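Open the structure in your viewer and keep the selection tool at hand. The stops below say what to select next and what is there.

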Amino acid sequence: MIILGNVGMVAIIITDPRLNTPMYFFLGNLSFIDIFYSSVIAPKAMTILWSESKSISFAGCVAQLFLFALFIVTEGFLLAAMAYDRFIAICNPLLYSVQMSMRLCTQLVAGSYFCGCISSVLQTSMTFTLSFCASRAVDHFYCDTRPLQRLSCSDLFIHKVASFFLSSIIILPTIIVIIVSYVYILSTVLKIHSIEGRKKAFSTCSSHLGVVSVLYGAVFFMYLTPDRFPELSKVASFCYSLVTPMLNPLIYSLRNKDVKEALKKLLEKKDIIFY
């Protein structure tokens, strides 16, 4: 479902010239990220559930944590870039094409990947410099920071402080950009006298807000709550690692008129070719 939905979204954006805009450029990259970070977890998780082998190699565990941290942090920064894009589109529509140039959009996406890479390197190196001597059984369905910390016999105080500081400098800027952007968007939308104009503005933003709420709600629950309830942590991890990338294309396609029209046009072309 994740691959079908996100590959379909990328295909629609690439094939329809009307979707050649900054908003859909970001959306295509979001779908690309969703495909890869869910693929880091889902295949191995299904193998563990369905086969007798319940193990993962040490190198595989390192790679899984590194790649997942890379893509999940990149997605957070990309969602902040999308919020900024909506802010410019609604609050400064006459300057939109000038301010949101393709060069700037490319730089924002590249910057998101760069921040994700730096964060992933730091998080992975901090985690795997710990001494693991308590057990080899990871109480989770993939290699994540908290379940691995439970296996360590090292002093975790400095590590937890560093992890909290790293998470704060990653999450807080993106949250601030998203909140400030939508405060300005809301104030601008409320000034629109046309009901149709308000409806259109809210429609373009509600999809993005839905994705942000699901992702950040699960992440906050996972990393900012006490590590006393591992089963609840698994549920939160399931939400942002598998449910969110499955829902993203559905949210954007069902709430977006342009995407629905592009999908209809693409299906009509397929019918003509088949005939």
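Helices (H or I, at least four residues) and strands (E, at least two) are taken here as DSSP runs, numbered from the N terminus. Select the whole protein chain and colour by secondary structure: there are ten helices and zero strands. Along the sequence the pattern reads α-α-α-α-α-α-α-α-α-α.

This is a predicted model, in which local features need pLDDT of at least 70 and side-chain atom pairs count only at pLDDT 80 or more, while totals for chains, interfaces and linings use all residues. Residues are numbered from 1 along each chain as its sequence is written, and side-chain values use heavy atoms, with hydrogens and water left out.

Now colour by accessibility. Buried means under 20% relative accessible area, exposed over 50%, and partly exposed in between (1.4 Å probe, protein chains only). Of the 275 residues in the protein chain, 42% are buried.

**Annotated spans**

UniProt, in an unreviewed entry, places the feature "transmembrane region" at residues 23-42, 62-84, 104-122, 164-189, 201-223 and 235-254. UniProt positions follow the numbering used here, feature names are shortened, and annotations may be inferred rather than shown by experiment. Select residues 23-42: the span is 100% helix and 0% strand, and its end C-alpha atoms lie 28 Å apart. Then select residues 164-189, where the end C-alpha atoms are 36 Å apart and the span is again 100% helix and 0% strand.

**Two helix pairs**

Two packed helices are described by the angle between their axes and the distance between the axes. Axes are lines fitted to C-alpha atoms, for helices over the stretch in contact, and angles run from 0 to 180 degrees between N-to-C directions. Select α2 (residues 22-50) and α3 (residues 58-91), which pack at about 160° with their axes 9 Å apart. That makes α2 roughly antiparallel to α3 (angles under 35 degrees count as roughly parallel, over 145 as roughly antiparallel, 65 to 115 as roughly perpendicular and the rest as oblique). The crossing of α2 and α3 is left-handed; a crossing is left-handed if the near helix is turned anticlockwise from the far one by less than a right angle, and right-handed if clockwise.

Next, select α5 (residues 102-128) and α7 (residues 157-190). Their angle is about 170° and their axes are 11 Å apart. α5 is therefore roughly antiparallel to α7, and α5 and α7 also have a left-handed crossing.

**Aromatic rings**

Show the side chains of Phe, Tyr and Trp. Rings (for Trp, the six-membered one) pair if their centres lie within 6.5 Å; planes under 30 degrees apart count as stacked, over 60 as edge-to-face and the rest as tilted. The count comes to ten aromatic pairs. F128 and F132 are a tilted pair, because their ring centres are 6.1 Å apart and their planes stand at 55°. F128 is buried at 17% relative accessibility, whereas F132 is partly exposed at 31%. Then select Y37, F68, F141 and Y142, which form one aromatic cluster.

**Two loop residues**

Which loop holds D16? D16 is in the loop between α1 (2-15) and α2, and is buried at 5% relative accessibility. Add V259 to the selection: the two C-alpha atoms are separated by 9.3 Å, although D16 and V259 are 243 residues apart along the chain.

Finish at S101, in the loop between α4 (96-99) and α5. S101 has a relative accessible area of 26% and so is partly exposed. The C-alpha atoms of S101 and P22 are separated by 7.8 Å, with their positions 79 residues apart along the chain.
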